[in-house]
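Colleague: I should like to learn how to read the architecture of a protein model in an orderly way. Could we begin with the overall fold and then proceed to the interior?

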Amino acid sequence: MVDVPPPFIPGAFVGAAHHYRLRVYFEDTDLSGIVYHANYLRYMERARSDMLRIAGIDQRAAMEAGEGAWAVTDLAIKYVRPAKLEDDLLVISTVEAVRGASVIIAQRILRGQDELTNGRVTAAFLSPEGRPRRQPARWASCFTAIMNGETIPC
């Protein structure tokens, strides 16, 4: 029998904020050891996906049932400081607004107490035909609870 380490749990809610931990690997960097700019978007996407998973929002089931899928419709990002090879990072995500067919999530990437990047993402729920569609009511309730720092009802 092989000793297996405990499962790595990258994300968790801390009040109204979702915290997602990650480490910068060689593949994330350019030749100078600095994180390539597009990888910050990957880190933010992973954090948002983890937040939804923990909240009980099953994106895959919605797609497979033909209900629809999330798509980023607006994105703003600001790079403050570079992340480097071997850095331990924390992505903090907070829900800023919940609308019928969309949600706005603010995200910050930190190294220790230093903010490296911040961004704001609008994700819309789209029908299989690619048109905006009202997100499931249970999901809207989950996002509202998260935004208000309440216990997640999902």
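Modeller: Helices and strands are here DSSP runs, numbered from the N terminus, with at least four residues for a helix and at least two for a strand. The model before us is predicted. On that basis, the protein chain has 3 helices and 6 strands.

Colleague: In what pattern does the protein chain follow along the sequence?

Modeller: The order is β-β-α-α-β-β-β-β-α. The radius of gyration is 17 Å, close to the 15 Å that the globule rule gives for 154 residues, so the chain is as compact as a globular protein of that length. The C-alpha trace spans about 45 × 45 × 30 Å along its principal axes. Of the contacts between residues at least 6 apart in sequence, 65% join residues at least 24 apart.

Colleague: How should one read the interior, and which residues have the most contacts inside the largest nonpolar core?

Modeller: In soluble globular proteins, nonpolar side chains tend to be buried together. In this chain, buried residues make up 36% of the 154 residues. The largest nonpolar core has 15 residues, and Ile57, Trp70, Val95, Val103, Trp139 and Phe143 have the most contacts inside it. Two or more residues each come from helix H1 (37-55), strand E5 (102-111), strand E6 (114-126) and helix H3 (137-147). H3 gives the largest share, 4 residues. Apart from this core lies another, of 13 residues, including Val24, Met44, Val91 and Leu116.

Colleague: Which residues of H3 are buried?

Modeller: The general idea is that an α-helix has 3.6 residues a turn, so residues three or four places apart point the same way. In H3, the buried residues are Trp139, Cys142, Phe143, Ala145 and Ile146. These residues cover an arc of only 160° around the axis, which puts them on the same side of H3. Leaving aside residues up to four places away in sequence, Phe143 touches Leu52, Ile57, Trp70, Val95, Val98, Val103 and Gln135. Just after H3, Gly149 takes a positive phi of about 70°.

Colleague: Let us take a single residue as an exercise. Is Tyr40 buried or exposed?

Modeller: One compares the relative accessible area with a cut-off: under 20% is buried, over 50% exposed. Tyr40, in helix H1, has a relative accessible area of 3%, so Tyr40 is buried. Beyond residues up to four places away in sequence, the contacts of Tyr40 include Val35, Ile77, Tyr79, Ile109 and Thr117. Tyr40 and Thr117 are 77 residues apart along the chain, yet their C-alpha atoms are separated by 7.7 Å.

Definitions and conventions
Residues numbered from 1 in each chain as written. Predicted model: local features only at pLDDT ≥ 70, side-chain atom pairs only at ≥ 80, totals over all residues. Heavy atoms only, no water. Core = buried A, V, L, I, M, F, W, Y, C linked by side-chain atoms within 4.5 Å. Buried < 20%, exposed > 50% of the residue type's maximum accessible area, 1.4 Å probe, protein only. Contact = heavy atoms within 4.5 Å. Arc of directions from axis to C-beta. Rg over C-alpha atoms; globule rule 2.2 N^0.38 Å.
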